[in-house]
Amino acid sequence: MTQKTSTMSLHRLLTLSLLALNSLILLTASVSIINMVDEKNNANIISETHTWANVLAKNSRHFINSSDANNQHKLKNELRKSITTGLINRVHIYRLNEDGAIEYFSSYNKNHTFPAIGDKIGKISQLRTVHFEEDYIELIVEITDDERLLGYLFIQSSLLEKQAFIKQLIYIALAFLLFTNLVVFAVSTWLFNKITQPMATLIDDVEQISQSKNYQLELASQPYKELDILAKNINILLRRTHKYIDKIIDEQQYSVFQKQALEHRLNTRTEALKESNQELLSTLEKLHEFQGQLVETEKMASLGDMVAGIAHEINTPIGLGVTASSLLADRLHEIKFAFENKTLKSSQLKKFLMDGDENALIILRNLERAANLISSFKKVAVDQSSAESRTFNVNTLINEVLLTLSTKIRTAKIDILINCPDALYINSKPGAINQILINLILNSIHHAFDGIDNGKVTITIAILAGQLHINYKDNGTGIEESMRSKIFEPFTTTKRGSGGSGLGMHLVYNLVTQALDGYITVEEAPTHGVSFDITFPVAIPATEEK
């Protein structure tokens, strides 16, 4: 079979060459101008950011120096009033304490729908100079008073306005490029029509022969020598083509036969693929149903772990109470027997009263402990089974979770440190939160402390810009890089042969992102272990509601 090679007309070659030259010149000039404008805008934004940072740092000195308890709130209001430009996204104020420690003091957030960002205390040295990100720049300046360092001010400025201006320049440059290319195209067309009119006539004659398929026709002589030579060669080609018509027809018939056979095979394979796809879709639906059942099983398994722990915890005080009550009953029987036989002595009665008082205290103390354990477990169990929002104390919720897991925590020999304000009340879904904490703690117990004797878990709670921020960190063995990227995927576990289902962290991810409408990220801790950052919006109730 003969193959057709792609050709290009002179008109197209001329047009493309002129368009390419015009585009190259305009694009080079446009890129140079846009780069100059971009550098100039960057310099202006950096200068304005420095100016605002210095002004805001100066205005913050009074609030940091003052001992007024409402200074943080007052400074936040002052920042809202002072910042009149849309350039600034966020401002954080950090105070330097007398012991040299740096702590978060106040902040400004232009848009409260943005997710809260963590403090920048660990990046103070890096952000002394302007640091560029994709859509913003960051800077930290010192807050001083008579050369005495009071703290630091972190400022984040937006680059979106500059980027929008650059986009406008790009659109203008592209529009100008399109306009000039249209002019170039029109000029090249006019030149081609003026110079190549005889060639167009020759092309029309060849097209008529091709459409009629009458290869016995011949082209007329041409006025230009080059075109006349081309016409004579085309006539020779037409005569030879006529001789091979029969051969070409046979080859075409053979090609049609091959095409029909190929279409038949393709249709057969397509039907087979449709059947396979239907089976795969059915299997996938079953897998989704099975995954949902496994997630519910994981919830019940964590509740079962708490039930076993609570049963063990309650067994101890109940046993002590039974022992003390049986001992008290024996002593009472002895006193009764002595009283009835009139052999009761004052020393014997005194000893009975002392022992009775001691046993009664033992019984009361252990029954109160059992009652507290049962009350905590009931609260946690009710929260886990409820998806409704309510107002509650975060610190109390965490302590109830730790109490229900006390047996496992004590068996694993780990220390849990809680950094949470005592009077922090929020309106959210306690069931989702305690389920998240239970799964994170059990995940650390089961995976993080193999071969580690001094296991430690730190849970830090803070409110930032109307959002609750939970940082969960342990000093365990950490997570491998290959596992960290898929830790929230279902059935991901390092202990598949040891009872691990791989659904604990998947359940945590679903609770954070769906039930609480938040974000969760995982990072390696600075020393050892792993760190989870969880952020989700909450409502802060009024003092009366608390």
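**Exercise 1.** Is tyrosine 104 buried, partly exposed or exposed in this predicted model?

*Solution.* Tyrosine 104 has a relative accessible area of 28%. Buried requires under 20%, and exposed requires over 50%. Tyrosine 104 is therefore partly exposed.

**Exercise 2.** Classify the aromatic pairs and place each ring in its strand.

*Solution.* The count comes to 2 aromatic pairs.

Step 1. The ring centres of tyrosine 94 and tyrosine 104 are 6.4 Å apart, with planes at 65°. Planes over 60 degrees apart count as edge-to-face, so this is the class of the tyrosine 94 and tyrosine 104 pair.

Step 2. Tyrosine 94 belongs to strand 1 (residues 88-96) and tyrosine 104 to strand 2 (residues 102-109), so the pair ties together parts 10 residues apart in sequence. Tyrosine 94 is buried, at 0% relative accessible area.

Step 3. For tyrosine 472 and phenylalanine 532, the centres are 6.4 Å apart and the planes at 50°, so the pair is tilted. This pair links distant parts of the chain, 60 residues apart: tyrosine 472 lies in strand 10 (residues 467-474) and phenylalanine 532 in strand 12 (residues 530-537).

Step 4. Tyrosine 472 is buried at 0%, and phenylalanine 532 is buried at 1%.

**Exercise 3.** Describe the surroundings of asparagine 22.

*Solution.* Step 1. Asparagine 22 sits in helix 1 (residues 10-65). Its relative accessible area is 17%, so asparagine 22 is buried.

Step 2. Leaving aside residues up to four places away in sequence, asparagine 22 touches Leu177, Thr180, Asn181 and Val184.

Step 3. The asparagine 22 side chain makes polar contacts with the side chain of threonine 180 at 2.9 Å and with that of asparagine 181 at 2.8 Å.

Notes: Residues numbered from 1 in each chain as written. Predicted model: local features only at pLDDT ≥ 70, side-chain atom pairs only at ≥ 80, totals over all residues. Heavy atoms only, no water. Helix = DSSP H or I, 4+ residues; strand = E, 2+ residues; numbered from the N terminus. Buried < 20%, exposed > 50% of the residue type's maximum accessible area, 1.4 Å probe, protein only. Polar contact = N/O pair within 3.5 Å; in protein donor to acceptor, adjacent residues only side chain to side chain. Contact = heavy atoms within 4.5 Å. Phe/Tyr/Trp six-rings, centres within 6.5 Å; stacked < 30°, edge-to-face > 60°.
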